[in-house]
Amino acid sequence: QVQLVESGGGLVQPGGSLRLSCEASGSIYSINYVDWYRQAPGKERVLVATITRGGNTNYADSVKGRFTISRDNARNTAYLQMNSLKSDDTAVYYCHAGISSLGDIVNVRAYWGQGTQVTVSS
């Protein structure tokens, strides 16, 4: 079965940087889109960045110019490079991907990672 495994979260000072990784594993035929979401305490989960299979990207206004989403299709891995971090970037970050499996190459199913905590504090 397909699963997403995230890494790279942690504690960082304001102005610092982190890179989050999201690796898909299992019976994968192809990974269509990859999204990064985040959810701060007491707030709704919001979309931060998206990337298509072909590499087209979009960003929330709150992170544009500071965050970069990328993917390595050969490694079934997506990344979120976060620079110039602010205290209000503190949240649990979730990877979300549309994936077709070897058993059903036509239909794309959505999968979520487990989430990784990012804390920006001095």
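A salt bridge is a side-chain nitrogen of Lys or Arg within 4 Å of a carboxyl oxygen of Asp or Glu. The exercises below use that definition on a predicted model.

**Exercise 1.** Determine how many salt bridges a search of the whole structure finds, and work out which residues are joined into one network by bridges that share partners.

*Solution.* The search of the whole structure finds four salt bridges. Among them is the one between the side chains of R38 and D89, with an N to O distance of 2.9 Å. This pair links distant parts of the chain, since R38 lies in strand β4 and D89 in the loop between β8 (77-82) and β9 (91-101), 51 residues apart. The side chain of D89 also meets that of R66 in a salt bridge of 2.8 Å, N to O. Because R66 lies in the loop between β6 (57-59) and β7 (67-72) and D89 in the loop between β8 and β9, the pair ties together parts that are 23 residues apart in sequence. Salt bridges that share partners thus join R38, R66 and D89 into one network.

**Exercise 2.** Decide whether D89, R66, D61 and K64 are buried or exposed.

*Solution.* Buried means under 20% relative accessible area. D89 has a relative accessible area of 0%, so D89 is buried, and R66, at 12%, is therefore buried as well. D61 and K64, whose side chains meet in a salt bridge of 3.3 Å, N to O, are both exposed.

**Exercise 3.** Describe the surroundings of S30 in strand β4 (residues 28-39).

*Solution.* With a relative accessible area of 13%, S30 is buried. Leaving aside residues up to four places away in sequence, S30 touches R53, G98, I99 and S100. With the side chain of S100, the side chain of S30 makes a polar contact of 2.9 Å.

Notes. Residues numbered from 1 in each chain as written. Predicted model: local features only at pLDDT ≥ 70, side-chain atom pairs only at ≥ 80, totals over all residues. Heavy atoms only, no water. Buried < 20%, exposed > 50% of the residue type's maximum accessible area, 1.4 Å probe, protein only. Polar contact = N/O pair within 3.5 Å; in protein donor to acceptor, adjacent residues only side chain to side chain. Contact = heavy atoms within 4.5 Å. Helix = DSSP H or I, 4+ residues; strand = E, 2+ residues; numbered from the N terminus.
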